[in-house]
Every structure is written in C-alpha cells, then in structure tokens.
Amino acid sequence: RRNEFNLSYFISLLILNIAGGLAHVYIHKSEKVKNKSWALLSASLIYLTEIVLLILLMVFLHSGDNFWPLKLMMWYMLLMMGSIWLTGFLFVQNLVVFVIGITTYFAATFDVATSTVNLNSENELVSELDRLLTTSLYTSTAHFVIFIHIAMLASSYMHERASRKRFFQRLMITYQQDKIISSKVKHGKLQKELLFNMLPPRVVNQLEEQGYDTGSWEQLKVVSARHQGVSILFADIPNFQEFASAAEPSYIMEYLNEVFESFDNLCDLYDVYKVETVADSYVAAVGIVTGAILDRKISMSTYNEDLLDWESKADPRSPNAKEFGVSGSTLMSSSSGNSKLREAGQSNTESMIAFAKAIVQEAHLVTQPVLNTPTEIRVGVHTGSCMSGIVGSQNLRYCLFGDTMNTAARMQQNGLPGCIHTTREVVGLAPEHSWAARHQIFVKGKGSMQTYLLRVTKDGTSDVGSE
C-alpha cells in the first residue's frame with residue numbers, strides 16, 4: 001500500500017502542477033484576463049487541492065502503518081511551507097488554507113486515529129500498543145500542525161503588515177518627493193515668469209545658463225550689450241507734485257497704476273519695451289528687446305558711436321527740409337554700408353513716435369486726484385546708441401546707459417505738457433510729422449541745442465507745436 005500511495009500521490013502532484021503551470025501561462029499571456037491576480041488564486045487552489053489529496057490518500061492508503069500521523073505531518077508541513085514560499089506571505093490566503101486544511105485534516109484523520117479496531121488481531125497486546133502509539137503520534141503531530149499553522153499565520157500577518165507599512169512609507173516618500181519637485185518646478189516657473197516681467201528673455205536665459213550669478217564683471221559682460229538705432233522715451237506728469245503732496249499715498253499709487261497700466265497695454269501694440277518706472281516717470285525703448293535690433297556683446301568690437309550722426313539730417317524730400325537746412329548731398333554722402341542701421345533707426349523711431357502719441361492721448365482719459373483735471377504728460381524722445389546690462393546682484397534691474405538715455409531724459413525735462421519734445425536726430429529719421437523748431441535751448445550736459453516739438457491733440461492727431 002505504501003507503493004500505491006507513493007505512485008498515486010506522485011501522479012496527482014504531477015497532474016496538478018502541470019495544470020497550475022498551464023493556468024499561470026494562460027492568465028499571464030491571455031489578453032482576456034485583465035486582472036492578473038487570478039494567477040495567485042489559481043496557485044493557492046492547486047496547493048490546497050494537493051494538501052487535501054495528501055490527507056485523503058494518506059488516510060485511505062497508508063493508515064495500516066502506525067507511523068502514518070508522523071508521515072502525514074511531514075508531507076503536510078512540506079506542502080504548507082512550499083505553498084507559502086512560492087505564493088507569498090499573504091495573510092488572508094494562508095488563513096483560508098489553514099481553515100480548509102485543518103478542517104480536512106481532523107475530519108479525515110480523527111476517526112482513523114481513535115479507532116478501536118485491532119490492527120494486529122493475532123496479538124492483542126501488540127494491537128493495543130499499536131493503537132497507543134498511533135494515538136500518541138497523532139496527538140503530538142496534531143498539536144504540532146496547529147502550532148506551526150498558527151506560527152505561520154502570525155508570521156505572514158506580521159510580514160504583510162511590515163510590507164504594507166514599508167509600501168506606504170515609500171508611497172509617502174515618493175508623494176512628498178513629487179510634491180517637493182512639483183513645488184520647486186512651480187516656484188521655478190513663477191520665479192522665471194517674474195524675471196521675464198523684469199528682464200528681457202535673452203537676459204533671463206543667459207542668467208539661467210550661468211546660475212543667476214552676476215558677482216564679477218566677466219559674468220556681467222555676458223548679459224551686457226551695446227545697441228545702435230535705439231529709440232528711447234521718457235515721460236512724466238509735470239504737475240505731479242501739486243497734487244501728490246495733498247492726496248493720500250494710496251490714491252496716488254492707484255492713480256499712477258491706472259496711468260502706467262494703460263501705457264503698458266499699448267507696449268505690445270506698438271512693439272515697445274518698457275524699461276522702468278520711477279515715481280511719475282515712465283521709460284520705454286524700441287530696438288533693445290523689440291523692434292529692429294542691432295546689438296553686439298560688450299566683449300566684441302563695438303559700433304562706431306558716430307554712425308547715426310548723418311541721420312540727424314532730415315530727408316531733403318520732406319516739406320520741412322528747407323526749414324532744417326538740409327541739402328541732398330548730405331544724405332548722398334552717407335555710406336551704403338550703413339543702410340541697415342538707418343532702416344533700423346527709422347523703424348524704431350516711427351514705432352516710438354506712434355507710441356508717444358498714443359500714451360499722450362491715453363493719459364487724457366485718466367483724471368488727476370485733487371485737481372480733477374485730465375492728465376497731461378510731457379514726452380522726450382531721442383534715438384541713438386546705448387548700452388544695456390545688469391548692475392549689482394541684489395534686486396536685479398535691467399538698465400540702459402549712454403548719451404542717448406541722458407538726451408531723452410533732458411528732452412522730457414525741457415518739454416511741454418501734451419507735446420513730444422525731441423532732437424534733430426529724431427526729426428531726421430521721422431520727418432513726415434509736423435515738427436516745430438524751438439528756439440535754441442540750453443540742455444544740461446549738452447549745451448545749446450536745436451530741439452523740436454510735436455503737439456498731440458486729445459484725439460491723437462498732431463499739430464505744429466509752439467513754445
């Protein structure tokens with residue numbers, strides 16, 4: 001019967017394991033089975049079937065042996081450990097196997113182990129000793145089986161709990177890392193957006209490449225450049241101090257925000273770059289970031305500072321040419337190699353004059369506090385060369401330097417409300433407007449200069465300016 005048990009159980013194990021392997025392959029390969037956890041369930045069912053089959057075969061084919069409880073326990077524990085080892089320490093799975101296995105174990109073996117039927121009828125004493133041995137072995141192995149099962153259940157529970165804890169810890173760490181990364185990316189984008197609002201995109205990209213480090217002149221030179229054909233505008237409110245001292249600071253801030261916001265809204269329309277605002281002054285430029293750009297890095301050979309001198313002469317074909325004293329030979333003497341510079345200067349100047357007219361008109365729509373009168377601004381414009389860059393490492397500001405900036409500022413300071421005050425260079429580049437020559441005026445840092453006015457009406461048209 002021992003051979004019959006071994007052969008039967010070997011064939012049963014072979015068939016069940018082949019069936020389990022085929023089931024695994026089907027579940028993992030088939031597209032019809034979406035939930036691959038069925039593979040674990042099929043493995044548990046195979047091992048559970050093997051355990052039940054082991055108990056039944058041992059009882060019916062091997063019960064004539066007094067040591068069958070010991071052999072059953074050894075095979076039973078071997079299968080149990082194999083199932084746990086190969087399918088994982090899942091508590092619920094082991095609990096189900098434990099309940100079904102123990103139920104089958106005691107249901108199938110209890111009657112056989114406690115039977116009073118003589119195993120050896122020829123010798124009653126031997127039969128009694130056989131029953132005693134079988135009962136003792138059964139009792140011992142049953143307790144051991146229960147103990148091992150409980151130990152395995154406790155182990156699987158603790159292992160699963162620890163695994164879940166580690167999983168949630170990793171999940172929380174991953175979540176926190178993702179949150180930190182997302183926050184850094186968000187803050188990085190916000191900081192970059194703020195920088196784009198403060199600095200030109202070219203400068204921001206260069207600063208990003210060098211780690212936003214501007215601690216040395218060599219690093220500053222990377223973001224610095226010289227520009228030609230740049231048209232610069234200064235605008236302010238001439239009677240600002242009259243009402244600024246009498247009004248609440250919050251009202252003044254709200255008023256300036258309304259005025260300058262209307263100017264900002266016109267920048268994209270006229271392809272103008274806002275440089276800065278200081279108190280009631282508004283500074284803008286064309287040819288630095290927007291418009292026709294002619295620039296070189298400071299480390300390269302720079303342009304000749306006098307390249308725009310010939311542009312100070314008005315077009316002889318314009319109606320005002322005689323008034324400005326310009327002859328045709330003046331322009332013909334200019335080098336053809338400077339045509340690109342002249343085109344850039346003309347384009348940038350025209351954009352700036354159009355923008356200047358628009359902001360004068362827009363300012364009329366805003367009422368001044370205290371005075372309750374429409375806002376009038378004075379505008380100064382000049383076209384020429386300048387340098388751009390960042391100075392310092394705290395509170396980064398994009399600054400323009402050069403005589404063009406100073407001249408535009410002087411034009412604004414010596415201008416008139418509602419007028420565009422400019423230089424001979426600008427008139428030469430935009431002669432089609434109704435410029436009116438002023439008397440020679442003294443300009444600080446420049447001496448006596450011939451300047452021109454263009455008065456802008458409330459509807460945006462221009463007429464001949466006057467002192």
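This is a chat between a trainee and a mentor about a predicted model of one protein chain.

Trainee: Before we zoom in, how many helices and strands does the chain have?
Mentor: The secondary structure comes to 14 helices and twelve strands, and you should keep in mind while we talk that the model is predicted.

Trainee: And how much of the chain counts as buried?
Mentor: Of the 467 residues, 44% count as buried, while the accessible surface of the chain comes to about 25,600 Å², with 59% of that area belonging to carbon and sulfur atoms.

Trainee: What about contacts, what share comes from residues 24 or more positions apart?
Mentor: If you take the contacts in the chain with a separation of 6 or more, residues 24 or more positions apart account for 69% of them.

Trainee: Let's pick a strand, say β7; is it covered or not, and which residues does it span?
Mentor: Strand β7 spans residues 419-423 and is mostly covered, with five of its five residues buried.

Trainee: Which way do those residues point?
Mentor: C419, H421 and T423 point one way from β7, whereas I420 and T422 point the other way, and all of them are buried.

Trainee: Which strands are joined to β7, and are they parallel or antiparallel?
Mentor: Strand β5, residues 378-390, runs parallel to β7 and is joined to it by three bridges, while strand β11, residues 451-456, runs antiparallel to β7 and is joined to it by five bridges.

Trainee: Which residues face each other there?
Mentor: On the β5 side, V381 has T422 of β7 as its bridge partner, and on the β11 side, T423 stands opposite T451.

Trainee: Switching to a loop now, where does T290 lie?
Mentor: T290 lies in the loop between β3, residues 281-286, and β4, residues 294-297.

Trainee: Why does T290 count as buried?
Mentor: T290 counts as buried because its relative accessibility is 16%, and the cut-off for buried is under 20%.

Trainee: What does T290 touch?
Mentor: Leaving aside residues up to four places away in sequence, T290 touches D271, V272, Y273 and A285. With D271 there is a further detail, in that a polar atom of the T290 side chain lies 2.7 Å from the backbone oxygen of D271.

Trainee: Last topic, the surface: which residues make the nonpolar patch of about 710 Å²?
Mentor: That patch is made by L7, F10, I11, L14, I15, I18 and L22. One of them, L22, is found in helix α1, which covers residues 2-29.

Trainee: Is L22 buried or exposed, and why?
Mentor: L22 counts as exposed because its relative accessibility is 59%, and exposed means over 50%.

Terms used:
Residues are numbered from 1 along each chain as its sequence is written. This is a predicted model: local features need pLDDT of at least 70, side-chain atom pairs count only at pLDDT 80 or more; totals for chains, interfaces and linings use all residues. Side-chain values use heavy atoms; hydrogens and water are left out. Patches are made of residues with over 30% relative accessible area and no salt bridge: like charges are joined within 9 Å, nonpolar side chains (Val, Leu, Ile, Met, Phe, Trp, Tyr) within 5 Å. Accessible areas come from the Shrake-Rupley method with a 1.4 Å probe; for residues, only the protein chains shown count as cover. A salt bridge is a side-chain nitrogen of Lys or Arg within 4 Å of a carboxyl oxygen of Asp or Glu. Helices (H or I, at least four residues) and strands (E, at least two) are DSSP runs, numbered from the N terminus. Buried means under 20% relative accessible area, exposed over 50%, partly exposed in between (1.4 Å probe, protein chains only). Two strands pair if DSSP finds at least two bridges between them. Contact means heavy atoms within 4.5 Å. A polar contact is a pair of N or O atoms within 3.5 Å; within protein, one must be able to donate a hydrogen and the other to accept it, and residues adjacent in sequence count only if both atoms are side-chain atoms.
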